[in-house]
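Trainee: I would like a close look at one part of this model, followed by a walk through the rest of the chain. Please keep it plain.

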Amino acid sequence: MAPKLSSRLSAWRNMGLVALPVVVWFLLQWFLYRRSGIQIPADAIFRYIPYAQEIAQNFHYDLGQDIRYAGYTSVMALFMKAGLPFGYLVGFQVLLSLVALFLVQRMVVVLTNSRLCAFAAALLAASSQDIQQWNFYLLTESLFTSTLVCCVAVLVLCKTRKMRLLSLPLWLFLCLVRPNGFIAVAAAAVYYLAEYLERASPQDRRRMFWAVGGVGVLFLLLLNQLLGPFTLVETYARGEIIYGTAYSSLTPPGSTMYRLVPPSTLQMPPADAPAVEKLALFFWYNPVYFLKLAFVKGAVFLAFAKPYFSKAHNVFIFFTVYPCYLLSGWALRRKRNAPAILAFFTIIGLQTLMVMFTVEDWDCRFMAPILPFIFMLAAVGVKQIWGHRLPAWDKIHPKID
């Protein structure tokens with residue numbers, strides 16, 4: 001009887017570790033909906049909704065700047081075509097975020113072989129307002145974050161070539177949800193490169209580095225197209241760290257908290273130059289100011305907490321995100337599953353670089369896509385530091401470290 005009781009208690013305990021994050025997720029969704037309802041911001045009114053209406057009514061994709069969000073507007077158009085109100089689109093975003101939460105927990109299980117580490121990562125993702133609040137906005141962040149997690153889960157959880165090939169439409173869709181969808185493709189490239197280098201000969205490695213150089217050139221050409229419509233250099237000239245603070249009430253008059261004063265010797269590149277050339281010329285003309293602005297934007301982005309956030313919000317960030325930064329560094333010491341860990345860092349690094357070279361947003365929504373990966377890396381770090389102290393039942397496969 002005692003062994004049966006023990007087995008039953010173990011099963012309930014393991015089930016609880018899976019279910020509790022879902023309960024927390026559900027309660028947070030309820031709270032966010034009761035607090036704010038469905039949000040239709042200016043970007044949706046002036047960009048996504050008109051574009052989606054054109055798709056739904058005429059199946060027409062305009063090839064201007066908004067084609068870069070065609071994945072999201074196509075989903076919106078499907079709900080419009082079906083005659084469904086925006087609440088159904090929000091419900092779809094909420095449901096997809098639950099799928100992403102499940103995949104976060106499964107990925108950490110595979111990476112750490114630890115029930116407690118997987119539970120911790122899932123609980124952090126489930127309780128993070130900075131991830132979950134975007135489920136109720138008609139913005140790309142929720143769909144982008146969930147789809148990004150799904151794509152990376154293919155790398156970590158699906159080991160057959162057939163399954164990965166079948167996932168290619170999902171990767172393409174991700175790249176069309178937001179312009180920075182390429183970070184997932186770069187992460188996949190790093191994953192496969194790391195896998196290849198683990199077993200490659202020195203000669204094969206040299207060939208691979210030449211191939212990476214060629215891909216880098218293609219990436220610059222792609223980046224030139226992606227950045228074409230954006231007025232990046234103009235934000236540099238205004239010294240903006242957070243977008244819009246040159247004319248926003250977020251920054252008190254005379255405050256330089258979210259702006260840097262450009263030097264009097266500032267030189268601007270030709271207005272009609274290609275996007276990447278403008279960036280290169282701006283750096284060539286103003287190297288110190290360019291680097292200062294980029295590093296300050298990166299620091300403000302990763303600092304995450306803001307003085308205009310509530311005290312409770314900043315306290316939550318301080319006690320969850322900041323420790324995860326420290327723990328993530330330990331994940332690099334875990335040789336097992338190194339390709340996946342490097343892919344996670346690639347996503348975080350490239351998203352941060354994008355903000356450094358563009359601009360941070362006042363609501364920190366650009367942080368949402370990388371938070372699940374920060375939480376997962378922190379869970380791997382916990383396994384690396386304290387794995388030997390975790391209870392015996394924590395291991396799912398006893399013979400795997």
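Is phenylalanine 304 buried or exposed?

Mentor: This is a predicted model, and the values below are computed from it. Phenylalanine 304 is buried, because its relative accessible area is 0% and the cut-off for buried is under 20%. As for its place, phenylalanine 304 belongs to the loop between helix H14 (287–303) and H15. The backbone here deserves a look: phenylalanine 304 is not a glycine, and its phi is positive, near 70°. Most residues other than glycine have a negative phi.

Phenylalanine 59 offers a second case. Its phi is also positive, about 50°, and it is not a glycine. Phenylalanine 59 sits in the loop between H2 and H3. Its relative accessible area is 65%, so it is exposed, whereas phenylalanine 304 is buried.

Now stay with that loop between H2 and H3. Histidine 60 is found there too. With 38% relative accessibility, histidine 60 is partly exposed. Leaving out residues up to four places away in sequence, histidine 60 touches Glu54 and Ile55.

The aromatic rings come next. The structure has 20 aromatic pairs. In one of them, tyrosine 51 and tyrosine 61 meet edge-to-face, with 6.3 Å from centre to centre and 65° between the planes. The two partners are 10 residues apart and link distant parts of the chain: tyrosine 51 is in helix H2 (residues 42–58), while tyrosine 61 is in the loop between H2 and helix H3 (70–81). Tyrosine 51 counts as buried because its relative accessibility is 8%. Tyrosine 61 has a relative accessibility of 27%, so it counts as partly exposed.

Another pair is made by phenylalanine 79 and phenylalanine 92; this one is tilted, at 6.0 Å centre to centre and 50° between the planes. Here phenylalanine 79 belongs to helix H3 and phenylalanine 92 to helix H4 (residues 86–112), with the two residues 13 apart, and the pair again links distant parts of the chain. Phenylalanine 79 is buried because its relative accessible area is 17%. Phenylalanine 92 has 33%, so it is partly exposed.

Aromatic residues also gather in a group. Tyr236, Phe282, Phe283, Tyr289, Phe290 and Phe357 form one aromatic cluster.

Some rings have an arginine over them. Arginine 13 lies over the face of tryptophan 393, 3.9 Å from the ring centre. Over the face of tryptophan 330 lies arginine 333, at 4.2 Å from the ring centre.

Arginine 334 should be looked at separately. Its place is the loop between helix H15 (311–331) and helix H16 (338–357). Arginine 334 counts as buried because its relative accessibility is 5%. The side chain of arginine 334 reaches the backbone oxygen of leucine 111 at a distance of 3.2 Å. Leucine 111 falls within the residue range of helix H4, 86–112.

Then the cysteines. There are zero disulfides in the structure. For cysteine 151, the nearest cysteine sulfur is that of cysteine 150, and it is 7.0 Å away. A disulfide needs the two sulfur atoms within 2.5 Å, and cysteine 151 is in no disulfide. Cysteine 151 has a relative accessible area of 0%, so it is buried. Cysteine 324 counts as buried as well, because its relative accessibility is 4%.

Last, the chain as a whole. It has 17 helices and zero strands. Of its 401 residues, 45% are buried; phenylalanine 304 is one of the buried residues. Among contacts between residues at least 6 apart in sequence, 74% join residues at least 24 apart. The chain exposes about 20,500 Å², and carbon and sulfur atoms supply 69% of that area.

To return to your request: phenylalanine 304 combines a positive phi near 70° with a place in the loop between H14 and H15 and a relative accessible area of 0%.

How values were computed. Residues numbered from 1 in each chain as written. Predicted model: local features only at pLDDT ≥ 70, side-chain atom pairs only at ≥ 80, totals over all residues. Heavy atoms only, no water. Buried < 20%, exposed > 50% of the residue type's maximum accessible area, 1.4 Å probe, protein only. Phe/Tyr/Trp six-rings, centres within 6.5 Å; stacked < 30°, edge-to-face > 60°. Helix = DSSP H or I, 4+ residues; strand = E, 2+ residues; numbered from the N terminus. Lys NZ or Arg CZ within 6 Å of the ring centre and 35° of its normal. Contact = heavy atoms within 4.5 Å. Areas by Shrake-Rupley, 256 points an atom, 1.4 Å probe, with all protein chains shown as cover. Polar contact = N/O pair within 3.5 Å; in protein donor to acceptor, adjacent residues only side chain to side chain.
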